[in-house]
Amino acid sequence: QKIHKHCCLKPGIPVEPMLAKPTKSVLEVLKRLNGLRFTCEYKYDGERAQVHMLSNGETKVFSRSLLNTSEKYPEVPLYVQESCKITGVTSFVLDTEVVAFDRDKGQFVPFQILSTRKKTEDSAESAKVQVIVQAFDLMYLNGESLLDRTLAERRDLMKKNFLPTEGKFQYATSLDHEEDGDTAVLEEFLDTSVKNQCEGLMVKTLDVNAAYEPSRRSLNWLKLKKDY
């Protein structure tokens, strides 16, 4: 029990992100979520980014493999800080996807384009590839770890404390649903996500078994792609 007192989440030290289990069909998803309340989020074709702000205001970005990518995405800390300026946030760890974005058309751009970004960029203005931050989970806020809270609670706190900014910072597009055997809702939302240049859906339980478990490929997070 004592390990939790000594090994706790701290801004500035990245943790392995929680991962989703691939599923083959909408039916398989519904079978696993038997009767539970869940959310479906667009699965963006970008790069996972864990954004940390320390209590001294220093903000860092880490990749899925825990590499510091702050120099590759110098605008990401600025976009996130801007989103929580008026809410008075003092420290956080936010789970996001950084996606290439065409501001003029207001459209996402495929990962192949994002992957052409240099390892070091001076600023958003000089970078050839523009990006947007799509936030979907909040793991730590104002000195407190939220890992044991449910996804519904973490998401509420995220939406209260981080406000969308056109073309810079948005929440992952999502649809909440209670499993009732109806596949049409999920099928339609999956189609819409693909039309919006996304890879498919992430399906997550909201209240039951809905803690954030770093590095775990959980059955409570399911990945549903059009090509599965």
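Here is a short walk through this predicted model, from a sheet and the helix lying across it to the largest pocket.

Let's start with the sheet. It is open and has 5 strands, arranged in the order β1-β12-β11-β2-β10, and the pairing is mixed. For background, strands in a sheet pair through backbone hydrogen bonds, which may be parallel or antiparallel. If you look along the strand order, you will find β1 and β10 (174-178) at the edges; each has a single partner strand, so one side of each is left without a neighbour in the sheet. Between neighbouring strands of this sheet, the turn is 35° on average, with direction ignored.

Now zoom in on the β1 edge. Here β1 and β12 run parallel and are joined by 4 bridges. To place one of these strands against the other, take P22, whose bridge partner in β12 is K223.

Next, bring a helix into view. Helix α5, residues 151-161, lies across β2, β10, β11 and β12. Its direction makes an angle of about 55° with β2.

With the sheet in mind, turn to the largest pocket, which has a volume of about 400 Å³. Its lining is made up of 23 residues, and those nearest the centre are K43, R48, R64, E97 and M202. Which elements give two or more residues to this lining? They are β1 (19-22), β2 (37-43), β3 (47-53), β11 (200-205) and β12 (217-225). As for chemical character, the lining residues divide into 12 charged, 9 nonpolar and 2 polar.

Key
Residues numbered from 1 in each chain as written. Predicted model: local features only at pLDDT ≥ 70, side-chain atom pairs only at ≥ 80, totals over all residues. Heavy atoms only, no water. 1 Å grid on protein atoms, 1.4 Å probe; cavity = no way out; pocket = protein on both sides within 12 Å on 5 of 7 lines; lining within 4 Å. Points joined across faces, edges and corners; volume = space filled by probe spheres on them. Nonpolar A, V, L, I, M, F, W, Y, C, P; charged D, E, K, R; others polar. Pairing = 2+ DSSP bridges. Axes fitted to C-alpha atoms, helices over the stretch in contact; angles between N-to-C directions. Contact = heavy atoms within 4.5 Å.
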